[in-house]
Amino acid sequence: MPRDPEISSANPIPSLNEQVDQRLTELEIKAAFTEDLVEELNRTIVRQQQQIDLLVRELLQLRDQADSAQPGFRSLRDELPPHY
């Protein structure tokens, strides 16, 4: 019994090699997107660490300024309000 080309093309059954190729292509696409995501996350972490470093330096500068402006700093609880 000869094959009808319309029937075989209407209901194609992918061969094992085609299935493997399709799955491999899908995995390669997922790997590429994952690599892009990891790179973006790495850039974000680097940028955040730079911001943290800057904030720490500014905090230390403010502490130094506060220490030099008031060398015997006392607690505000020790200060009497002006109406006493």
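**A tour beginning at Glu40 and Arg43**

Begin by selecting Glu40 and Arg43, which form a salt bridge whose closest N and O atoms are 2.7 Å apart. The structure on display is a predicted model, and the count of salt bridges in it comes to one.

Keep both residues selected and follow the backbone between them. Glu40 and Arg43 lie three residues apart in helix H2, so about one helical turn separates them. Next, turn on the surface for each partner. Glu40 has 37% relative accessibility and therefore counts as partly exposed. Arg43 counts as partly exposed as well, because its relative accessibility is 44%; the range for this class runs between 20% and 50%.

Now select helix H2 as a whole, residues 16-69, and locate Val56 within this helix. How exposed is Val56? With 42% relative accessibility, Val56 counts as partly exposed.

Add Ile52 and Leu60 to the selection of Val56. These three residues form a nonpolar patch on the surface. Together, Ile52, Val56 and Leu60 have about 250 Å² of accessible area.

Finally, clear the selection and view the entire chain. Coloured by secondary structure, the chain shows two helices and zero strands. What share of the 84 residues counts as buried? The share is 0%, where buried requires a relative accessible area under 20%. With the full surface shown, the chain exposes about 8600 Å², and carbon and sulfur atoms supply 58% of that area.

Conventions: Residues numbered from 1 in each chain as written. Predicted model: local features only at pLDDT ≥ 70, side-chain atom pairs only at ≥ 80, totals over all residues. Heavy atoms only, no water. Helix = DSSP H or I, 4+ residues; strand = E, 2+ residues; numbered from the N terminus. Buried < 20%, exposed > 50% of the residue type's maximum accessible area, 1.4 Å probe, protein only. Areas by Shrake-Rupley, 256 points an atom, 1.4 Å probe, with all protein chains shown as cover. Patch = residues over 30% accessible without salt bridge, like charges linked within 9 Å, V, L, I, M, F, W, Y side chains within 5 Å. Salt bridge = Lys/Arg side-chain N within 4 Å of Asp/Glu carboxyl O.
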